[in-house]
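Colleague: Please take a close look at the open and enclosed spaces in this model, and go through what lines them. A first-year student will read your answer, so keep it plain.

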Amino acid sequence: MATETQTLTQSWFDRARFIPPDAIFALTAQYLADPSPCKVNLGQGTYRDKNGSPWVLPSVNKSRELLSSHGLNHEYLPIVGLTEFRKEAARLALGDELFAKKQNQLATCQSLSGTGALHLAGLLLRACKTPLPKIYVPEPTWSNHHQVFSSLGFQCKSFRYYSPETRDLDIDSYYATLKSAEPNSVVIIHACAHNPTGCDPSKEQWQELAHLFKERQLFPLFDAAYLGFNSGNVDRDAFAIRWFIEETGLEAGVCLSFAKNMGLYGERVGCFLLATNTEQAAVKTQSMLEMLQRSEVSNPPAYGAKIANTILSSTTLRQAWYDDLITMSDRIRSMRKALYDKLVSTGAPGSWEHLIRQSGMFGFLGLSPSVVLRLREQYHIYMADNSRISIAGLNDGNVEYVGQSIAECLKQEC
């Protein structure tokens with residue numbers, strides 16, 4: 001009887017491993033549970049306005065109004081997503097001229113934001129390449145890069161992207177990695193606003209990188225989550241994507257997200273774009289994307305894609321969105337400068353020029369884990385363990401407190 005009871009209480013999933021919570025989402029949960037009135041959340045990468053509140057872009061508000069006035073239904077989208085949205089997303093990434101040249105050699109599929117686009121890219125690569133190519137991933141990087149591709153069976157190989165000593169891009173390491181990489185490998189590229197360091201190559205460095213990709217027969221896979229959000233100008237932020245495809249003639253994958261640059265975080269609006277070198281390859285990979293999408297999500301969600309498409313397909317709304325991008329990127333830059341000024345004025349030990357050299361939503365402070373922990377426990381300032389901060393979490397009401405607190409912690413360390 002005891003044996004029977006024991007058998008009944010066993011589970012098919014007894015051998016399941018316990019996976020610790022995602023670090024950033026766990027950090028946000030800690031922040032929310034903190035009763036302190038002076039707490040500051042610099043962890044989660046979502047844009048906040050000058051009052052620390054979520055910001056619905058005016059262009060998005062107008063798009064929603066137009067959609068409501070025309071009447072919304074809840075019918076399925078095609079398996080690969082809203083046709084016009086996919087077209088406009090590709091046009092945005094490539095620009096009008098390159099899109100016109102390449103549109104018959106493109107395969108596109110709406111995705112569940114940037115994560116879904118990366119996953120679709122991995123599924124397609126796994127189906128098309130035998131043996132599986134190695135995936136070269138910059139270190140540090142967004143944690144999901146490793147999780148997405150390792151879960152699909154790829155071997156992920158990290159390479160040094162950032163130098164803690166100079167607090168800048170280690171371009172020599174990048175070049176050396178490409179020169180020694182196995183041909184037919186895949187390299188994950190942050191198109192702009194590198195997460196978490198905020199360090200991007202210059203135009204000249206992008207051009208040299210593209211040359212090495214072609215020379216070594218490597219496949220570039222762009223993670224493009226911040227087009228327009230980084231500099232306030234989509235064309236500037238899309239430079240690397242367009243150079244690799246047009247000037248170097250490389251086939252490339254582009255994983256687009258509209259979570260950050262349109263503030264559509266919860267709508268999960270993304271698109272995977274594959275630029276091939278032949279129309280035949282585009283037709284075949286398009287059919288494969290449809291099959292892969294069908295087996296994963298069947299049909300992508302419609303509402304967010306309709307919001308994004310309404311903006312992208314309207315000259316007036318697109319211009320309004322461009323203005324919104326400038327608003328967000330300008331506020332990010334002003335907060336970088338304000339934090340830098342406070343750190344310098346309070347005599348925070350060390351050099352802080354790297355903070356204003358960086359760009360995009362994130363800043364990489366270069367603090368030790370002990371300082372990060374002290375900031376969290378004593379000052380109620382929450383940031384990732386590696387001292388990556390979301391600049392969007394800063395505002396006029398807390399930036400001086402954050403700068404002063406960092407300075408005090410560093411002086412205690414000395």
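Modeller: This is a predicted model. The UniProt record, an unreviewed entry, lists residues 39-405 as "domain: Aminotransferase class I/classII large". That span is 48% helix and 15% strand, and its end C-alpha atoms lie 12 Å apart.

Now to the pockets. The largest pocket holds about 1100 Å³ of space. It is lined by 41 residues, and those closest to its centre are Ile-24, Trp-142, Ser-143, Asn-195 and Arg-388. Three elements give two or more residues to this lining: α2 (23-33), α6 (113-128) and α7 (143-151). Of these, α2 gives the most, with six residues. Sorted by class, the lining of the largest pocket has 18 nonpolar, 16 polar and seven charged residues.

The second largest pocket has about 490 Å³ of space. Its lining consists of 23 residues, and Leu-125, Lys-129, Phe-219, Glu-251 and Leu-274 lie nearest its centre. The elements that each supply at least two lining residues here are α6, α9 (203-216), β8 (219-224), β10 and α12 (279-296). The largest share, four residues, comes from α6. The lining of the second largest pocket divides into 14 nonpolar, six polar and three charged residues. Helix α6 also appears among the elements that line the largest pocket.

Next, the enclosed space. There is one cavity of 30 Å³ or more, and the largest cavity has about 30 Å³ of space. Its lining is made up of Pro-138, Tyr-161, Tyr-174, Ile-189, His-190, His-194 and Trp-206. Five of these lining residues are nonpolar and two are polar, with no charged residues.

Strand β10 (269-275), which helps line the second largest pocket, has a loop before it that is worth a look. Asn-261 sits in this loop, between β9 (252-257) and β10. Asn-261 counts as buried because its relative accessibility is 1%, under the 20% cut-off. The side chain of Asn-261 reaches the backbone oxygen of Leu-227 at 3.0 Å.

Finally, the cysteines. The structure holds zero disulfides. Why is Cys-109 not bonded to Cys-271? The two sulfurs are 7.3 Å apart, so they are too far from each other for a bond; a disulfide needs the sulfurs within 2.5 Å. Cys-109 is buried, with a relative accessible area of 0%, and Cys-271 is also buried, at 0%.

Methods: Residues are numbered from 1 along each chain as its sequence is written. This is a predicted model: local features need pLDDT of at least 70, side-chain atom pairs count only at pLDDT 80 or more; totals for chains, interfaces and linings use all residues. Side-chain values use heavy atoms; hydrogens and water are left out. UniProt positions are given in the numbering used here, feature names are shortened, and annotations may be inferred rather than shown by experiment. Buried means under 20% relative accessible area, exposed over 50%, partly exposed in between (1.4 Å probe, protein chains only). On a 1 Å grid over the protein atoms alone, a cavity is a set of points where a 1.4 Å probe fits but cannot get out, and a pocket is an open set with protein on both sides within 12 Å along at least five of seven lines; lining residues have an atom within 4 Å of a point. Grid points are joined across faces, edges and corners, and a volume is the space filled by probe spheres set on the points. Ala, Val, Leu, Ile, Met, Phe, Trp, Tyr, Cys and Pro count as nonpolar, Asp, Glu, Lys and Arg as charged, and the others, Gly among them, as polar. A polar contact is a pair of N or O atoms within 3.5 Å; within protein, one must be able to donate a hydrogen and the other to accept it, and residues adjacent in sequence count only if both atoms are side-chain atoms.
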